[in-house]
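Open the viewer and get ready to click. We will take one stop at a time.

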Amino acid sequence: MKDTTTIASEKEILPHDKPAKKWSVKAAFNKFGPLFGLIGLSSILAILSPSFLQIDNLTNIARQSSINALLALGMLLPILTAGIDLSVGSILAVSIVMAGLVSVTWGMPPLIGLIVCLAVGAIAGLINGLLLTKLRLPHPFISTLGTMNVFRGLALILTGASPIFGFSYLMNYTGQESIGLIPVSFLLVIIVYVIFHIFLNRTSTGRYIYAIGGNKEAARLSGIPVDRVLITVYTLSGFMAALGGLVLIGRTNSASPIAGLTYELDAIAAVIIGGASFLGGVGTVWGTLIGVLIIAVLRNGLNLLGTTSDLQTVVIGAVIVLAVYVDVLRRKKSGK
Amino acid sequence: MKDTTTIASEKEILPHDKPAKKWSVKAAFNKFGPLFGLIGLSSILAILSPSFLQIDNLTNIARQSSINALLALGMLLPILTAGIDLSVGSILAVSIVMAGLVSVTWGMPPLIGLIVCLAVGAIAGLINGLLLTKLRLPHPFISTLGTMNVFRGLALILTGASPIFGFSYLMNYTGQESIGLIPVSFLLVIIVYVIFHIFLNRTSTGRYIYAIGGNKEAARLSGIPVDRVLITVYTLSGFMAALGGLVLIGRTNSASPIAGLTYELDAIAAVIIGGASFLGGVGTVWGTLIGVLIIAVLRNGLNLLGTTSDLQTVVIGAVIVLAVYVDVLRRKKSGK
Amino acid sequence: MLLQVKDISKSFSGVQVLHDINLDVEEGEVHVLLGENGAGKSTIIKILTGAYTKDKGEVWWDGKVLNVTRPKDAIEAGIATIYQELNLIPELSVMENIFLGHEKKRGSKYSLLDRKQMRKDSKALMERLGQRVDPDELIGNLGVGQQQLVEIAKALSLNARLIIMDEPTSSLSASEAEQLLLTIERLRKEGITFIYISHRLEEIKRIGDRITVLRDGANVQTVPVDTTSIDQMITLMVGRSLDNKFPKIKFDKGKEGLRVENLKLDPESESINFTAYQGEILGISGLVGAGRTEMVRAIFGADPKASGNIYIFGEETNIRHPQDAIDAGIAFITEDRKEEGLFLDQSLIFNKTIAKLNRVKSKGLISVSAQQKVADNYVKELKIRPNNVNLIARNFSGGNQQKVVIAKWLFTEAKVFIFDEPTRGIDVGAKVEVYNLINKLVESGVCVIIISSELPEILGIADRILVMHEGKITGDLMREEANQENIMKAATGG
Amino acid sequence: ACNSVEKESSAEIKETDESYKFGAVLMTLNSEYWKIQMAGAKDAAEELGVEVSFLGPPEETQFEQQVKMVEDHIATGADALIVAASQPDAMISVLNNAHTKKIPIVIADADVNFDDKVTFIGTENYDAAKLGGDYLDELLNTGDKVAIIRGQSGSKLHDERTKGFQDALKDKNIEFIVQDAQSDRVKAVNIMENILTSNPDIKAVFATSDEMALGTYTTLENKNATGIHLIGFDGTPDGLQAVQEGKMLANVAQNPYQIGYQSVQSAYKAKKGEEVEKRIDSGALVITKENVEEEIKKVNGYLNNMP
Ligand SMILES: Nc1ncnc2c1ncn2[C@@H]1O[C@H](COP(=O)(O)OP(=O)(O)OP(=O)(O)O)[C@@H](O)[C@H]1O
Ligand SMILES: Nc1ncnc2c1ncn2[C@@H]1O[C@H](COP(=O)(O)OP(=O)(O)OP(=O)(O)O)[C@@H](O)[C@H]1O
Ligand SMILES: O[C@@H]1[C@@H](O)[C@H](O)OC[C@H]1O
Ligand SMILES: [Mg+2]
Ligand SMILES: [Mg+2]
């Protein structure tokens with residue numbers, strides 16, 4: 001007996017039949033669906049406001065979208081696992097406040113401040129992950145609703161509720177500077193998105209994230225270390241919130257304990273507008289980016305048009321519903 | 001056919017043993033679990049603060065809990081169907097603002113104001129229901145996130161963002177008056193809770209709500225009018241938000257367009273602390289009431305103790321996590 | 001003629017799966033739908049009941065055109081359905097499930113529920129099916145078999161004239177299946193009509209009156225059961241005859257593959273010991289709830305065990321999670337594909353590769369071209385249809401979904417394969433493919449263990465048969481000595 | 001604290017009947033502005049030997065929680081109430097309840113239309129903002145464009161500040177671009193970016209609170225538009241520092257310390273049956289390079305005294 005335990009023989013490794021042409025068109029349509037929404041929206045705004053397409057304004061949009069881009073990318077992971085992270089806004093606050101304490105109040109080197117910022121975010125996310133998996137809490141909605149309060153309270157207590165300002169160049173760099181015309185924060189966004197794309201599609205952990213969202217029990221029985229993956233997911237979500245916080249430091253040259261209030265809602269909206277499903281297992285990095293841009297373009301455009309914030313609220317609410325509805329139609333057309 | 005290919009015989013088909021007695025104990029424990037939490041919490045507070053058990057303070061708690069009690073009861077329905085309603089705070093705002101416009105600004109009779117308030121809430125809820133079912137939106141999180149913005153924006157636009165005040169006695173009655181020692185608003189809560197208890201347990205629509213949360217596809221295939229039930233659910237949730245708004249009018253003798261911000265979070269927390277499951281199909285009216293009281297007692301107690309809001313925020317967050325964890329433990333002990 | 005289906009067609013996203021289907025069902029008969037996996041049986045049923053909408057064609061019911069746009073229409077017309085996947089609400093009680101959608105009220109449509117009456121009626125209905133169940137028990141606390149009976153009670157409570165059953169026995173133990181067949185026979189005598197789908201041909205022989213055979217979404221023929229042999233059924237179904245339903249190849253017994261020593265699921269239970277070898281197929285038989293699934297789940301690390309040592313090819317392993325088991329070279333094909341096997345919204349290729357992603361990596365990353373290379377492995381051999389590796393699992397027929405799960409585990413190249421009811425819901429032709437594949441596995445040196453509740457299957461393919469009773473091994477029979485009687489004897493405790 | 005005979009005897013341990021317990025409810029405790037108000041209140045309390053317990057919701061929008069906090073102060077037997085209501089009209093009912101229990105009520109920061117109050121102590125926002133406008137007046141030409149970044153539309157405070165500022169510049173025929181940044185620093189950054197894109201020719205910006213002013217400055221700096229005059233409002237430590245560093249042309253400082261201090265003083269007087277003025281203007285000051293040092297010293301002094 002040959003001690004090969006595989007039953008795959010050479011002949012089985014046939015070239016894969018190219019899937020029928022229409023499938024790939026569908027796939028493309030599915031992938032780029034929200035993009036059409038973004039293009040449509042931008043066209044309307046370009047007509048309504050002459051400033052909209054100016055280079056200056058495009059860099060505005062890039063800059064204004066970057067914090068949400070980072071938070072939404074983090075949020076994509078829990079949502080892919082059929083979870084959610086409501087605490088990202090509070091994690092952002094506690095991370096930047098700690099960075100401020102370390103690098104401004106206690107006068108430590110800026111690099112340490114930067115590391116502390118990201119580490120605090122990751123640790124806060126880790127706590128979310130541990131609560132969920134080790135306490136076997138039924139749903140992250142509730143654990144992150146809890147930590148949303150806890151982290152916010154901590155940020156307030158740590159600072160005695162006062163914002164910290166006067167950050168050094170290094171700490172402000174990401175949020176403040178541009179390389180040529182492109183804001184550093186947006187470059188960061190692009191880099192992180194590419195990394196996450198590779199992570200989600202080309203690594204085991206990435207694929208496991210989709211598997212867990214699809215069927216947690218089947219994932220466990222397929223040998224997927226479910227708890228470890230979930231802990232990774234929430235840790236990364238916390239880390240991304242802190243990265244968003246780093247940009248916020250630069251944009252405001254300050255760290256306020258009340259920063260990031262309700263940021264979770266924008267992040268969730270972006271992920272869902274970008275085509276991800278609350279039921280888990282469905283969603284992409286690029287869809288999320290488009291979701292982020294749709295929201296950012298909308299806010300920017302409404303500002304340019306001088307709309308009141310009340311009307312902006314209405315329009316953004318309507319666009320959230322509309323974007324998801326268009327997605328529903330598209331999926332239906334391309335065959336459930 | 002003789003060649004039976006199975007190994008069954010008549011005698012194996014044993015009558016199913018009556019489930020052991022412990023089931024009913026389990027059930028009771030499951031039902032009253034959160035109650036122990038409430039009693040424990042109250043005992044601690046009674047020791048820490050002499051004012052806590054005074055009649056005066058107990059009526060405070062009754063009064064202070066009633067708005068969240070009404071919203072949470074409404075929220076229970078979507079959660080039972082494995083959904084959610086993020087828009088209740090905004091519905092509250094748009095309902096009371098409309099009531100204010102009608103009965104104060106336009107000077108119509110107070111009864112009309114009252115009807116308008118409740119009708120607007122129900123209609124807003126109906127819109128949520130229709131969006132979810134008719135547009136086939138994948139999850140109410142997104143539709144109600146959208147309408148949360150839309151309704152809030154409308155409330156602001158309708159009033160030019162200023163609160164309306166000067167309501168008549170009738171409009172203020174529910175939120176302001178007491179019958180003997182008991183606040184009318186709390187009486188209202190008790191009545192509505194009893195009605196909902198009967199509705200959920202003794203009517204077919206009530207049972208359908210649980211069925212849809214348990215297994216939507218199975219419910220559909222059993223001939224349950226799933227869409228109609230879901231529309232009812234969101235309409236009722238909107239109606240309850242407006243009822244909560246009516247109490248708020250009385251409590252503040254005013255209708256502010258920024259009323260009800262983040263109320264959805266307290267309502268959700270109460271429902272979940274009360275033992276309902278995000279996955280649908282599990283949860284009771286009385287559990288919800290206990291969840292509401294736990295939150296109210298906690299806030300009241302922390303105020304009596306003069307705790308700062310930062311610390312309150314931390315404690316409330318921790319209690320949310322703790323309450324759910326205790327529930328997990330309890331369920332585990334009582335056999336999954 | 002109670003029901004007439006005329007020229008029904010249906011396509012999903014441009015792929016036509018039903019072509020002008022016709023079906024006549026006489027009052028009082030058990031009408032069987034027969035066809036390979038993916039032939040379109042479930043699709044027809046779902047069209048009849050309003051779960052899907054048809055593209056074209058008509059349904060006649062009791063001499064009139066029946067327009068079904070939603071499940072309620074069919075139910076109101078008197079058609080009750082037990083779908084391939086159970087449709088009960090675990091959080092509701094037996095009584096509530098039985099009367100779900102047609103509750104008894106105390107008065108008008110708008111009154112409160114009459115729970116007393118429903119409790120009484122559901123008790124009576126279950127007793128009519130030979131079950132004594134507390135009507136207030138939650139469905140989630142019942143076994144699959146009893147759940148299936150609750151579904152039937154539900155159909156009866158509707159006073160349905162036609163009950164449709166889509167593979168009702170595939171997830172039942174033998175005794176539960178037997179109970180079901182007896183019930184159908186009895187109800188048929190009471191005048192109820194059935195449409196019955198099953199891949200267990202013996203069952204069809206026993207209770208069917210006429211068979212309508214489908215192939216690739218089209219009618220083949222309608223024949224009376226009496227004059228049709230099982231072999232003829234197979235020929236009609238697959239378009240050719242199958243000379244050997246159990247293609248058994250004898251290999252030499254090799255090294256020890258899996259050895260289980262002193263396995264205890266909980267500290268008080270008696271210990272389990274057995275060894276499976278290369279070159280043999282070890283079958284495990286037993287009655288309902290004999291504890292076979294529980295035992296292998298413990299071996300695989302899916303559930304915790306109290307104690308016990310497990311050796312893989314002589315090497316001791318410490319398995320605490322499924323992950324450990326997979327690393328040790330064990331594959332476990334679970335009995336419940338939907339809950340425990342499949343990622344329904346992911347593609348075939350995703351499902352297939354997920355348990356062993358290292359095989360499609362290059363330079364540490366999952367590579368598209370590596371995936372392309374292995375895409376068709378097993379898909380052809382298992383005749384997974386349609387042969388589209390990008391189709392999401394949900395859109396495969398039940399039997400083909402089962403094959404996807406098998407493909408997933410084959411892909412792990414494990415050294416020990418444990419199959420729990422591997423041919424559940426698989427058509428006769430495909431079963432042979434699965435057996436051939438298992439033979440291939442054995443030939444390549446894999447140690448194979450198969451749990452099956454179908455006696456002919458276990459007798460047909462196993463080299464050695466362990467019999468379990470109440471969590472203990474009560475029999476160890478070589479192929480030559482095994483027969484229905486001695487298995488039965490061991491299964492009932494000797 | 002009441003003058004019953006039994007209380008008298010037990011009061012001997014408590015020194016005198018002066019050991020009052022006051023309950024304060026502020027719009028929030030989570031900002032420097034409110035912390036300075038607390039500092040003023042605490043200093044007054046110390047001087048008078050009374051105790052003040054502070055409550056405030058996490059966010060200024062949570063006005064219903066303020067109502068609950070007043071109720072809870074009443075339940076613990078507060079001898080007087082100091083209330084800074086974020087939705088003044090919403091507070092009237094509960095204040096009436098307190099009044100029927102004979103608890104004196106001092107209104108701080110934002111006036112409440114409630115006849116039985118002891119007094120109102122706060123900034124006259126319209127006048128204060130007008131001072132800011134006046135200061136800017138000579139630096140502008142007729143027909144210039146000026147942006148106003150304001151807090152939540154509909155908020156009375158911000159309405160008054162916007163109006164006061166605009167009225168000061170009436171004669172200049174200024175084109176105002178008013179946008180609402182809801183008192184949020186990040187929103188102000190974004191909005192200022194967008195304003196600069198659509199109206200690059202603006203000459204000055206007035207922000208109706210310091211949070212927004214500081215956000216605005218970040219944008220001006222990043223877009224190299226520091227030539228645009230910036231005027232803030234509140235006089236928070238950060239705002240003052242910005243004036244000192246020349247980032248802000250001027251800052252209209254309120255006097256939250258005085259508001260807090262006078263509130264406690266007034267409550268005490270009311271308790272003692274002394275006469276209290278019905279309305280106390282805590283004053284406002286335009287802070288510029290000239291007087292900023294002094295102001296910073298003052299404010300730091302307040303904050304350092306915080307426990
Ligand atoms: N929702 C769907 N989308 C796309 N294709 C589908 C869908 N449902 C079924 N199909 C396809 O329709 C065909 C018929 O499926 P159907 O479930 O009716 O088969 P079946 O005869 O019941 O098979 P089995 O014996 O395996 O249950 C299959 O090829 C299946 O892949
Ligand atoms: N259909 C059922 N009805 C009642 N109890 C069951 C049923 N199936 C399993 N159990 C319970 O689970 C335990 C072991 O079940 P297990 O699934 O391991 O048995 P099995 O031999 O694999 O049988 P099956 O054919 O049901 O898969 C038994 O102790 C029994 O009480
Ligand atoms: O007057 C105060 C205002 O300046 C600050 O921004 O918020 C609280 C207000 O009361
Ligand atoms: Mg089928
Ligand atoms: Mg089994």
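Start with chain D and colour it by secondary structure. Eleven helices and twelve strands appear in this chain. Keep in mind that the model is predicted.

Next, turn chain D around to see its extent. Along the principal axes, its C-alpha trace spans about 75 × 35 × 30 Å. How does the radius of gyration fit a compact globule? For 307 residues, such a globule would come near 19 Å, and chain D has 21 Å, which agrees.

Now show the surface of chain D. About 11700 Å² is exposed, with carbon and sulfur atoms supplying 46% of that area. Then look beneath it: 62% of the 307 residues are buried.

Switch on contacts within chain D. Take those with a separation of 6 or more: 73% of them join residues 24 or more positions apart.

Colour the charges of chain D. There are 30 positive and 51 negative ones. Their mean positions are 2 Å apart.

Leave chain D and select the magnesium ion (ligand 5). Which protein donors does it have? They are C:Thr293, through OG1, and C:Glu335, through OE. These donors lie 1.8 to 2.6 Å from the ion.

Trace each donor back along chain C. C:Thr293 sits in helix 9 (residues 292-300). C:Glu335 is in the loop between strand 16 (330-333) and helix 11 (337-340). The pair therefore ties together parts that are 42 residues apart in sequence.

Last stop: check how open these two residues are. C:Thr293 is partly exposed, at 21% relative accessible area. C:Glu335 is partly exposed too, at 26%.

Technical notes. Residues are numbered from 1 along each chain as its sequence is written. Chains are lettered from A and ligands numbered from 1 in the order in which they are written. This is a predicted model: local features need pLDDT of at least 70, side-chain atom pairs count only at pLDDT 80 or more; totals for chains, interfaces and linings use all residues. Side-chain values use heavy atoms; hydrogens and water are left out. Helices (H or I, at least four residues) and strands (E, at least two) are DSSP runs, numbered from the N terminus. The radius of gyration is taken over C-alpha atoms; the globule rule is 2.2 Å times the number of residues to the power 0.38. Buried means under 20% relative accessible area, exposed over 50%, partly exposed in between (1.4 Å probe, protein chains only). Contact means heavy atoms within 4.5 Å. Accessible areas come from the Shrake-Rupley method with a 1.4 Å probe; for residues, only the protein chains shown count as cover. Lys and Arg count as positive and Asp and Glu as negative; His and the chain ends are not counted. The place of a charge is taken as NZ of Lys, CZ of Arg, CG of Asp or CD of Glu. Donors are N, O and S atoms within 2.8 Å of the metal (3.2 Å for Na, K and Ca); water is not among the atoms, so sites may look incomplete.
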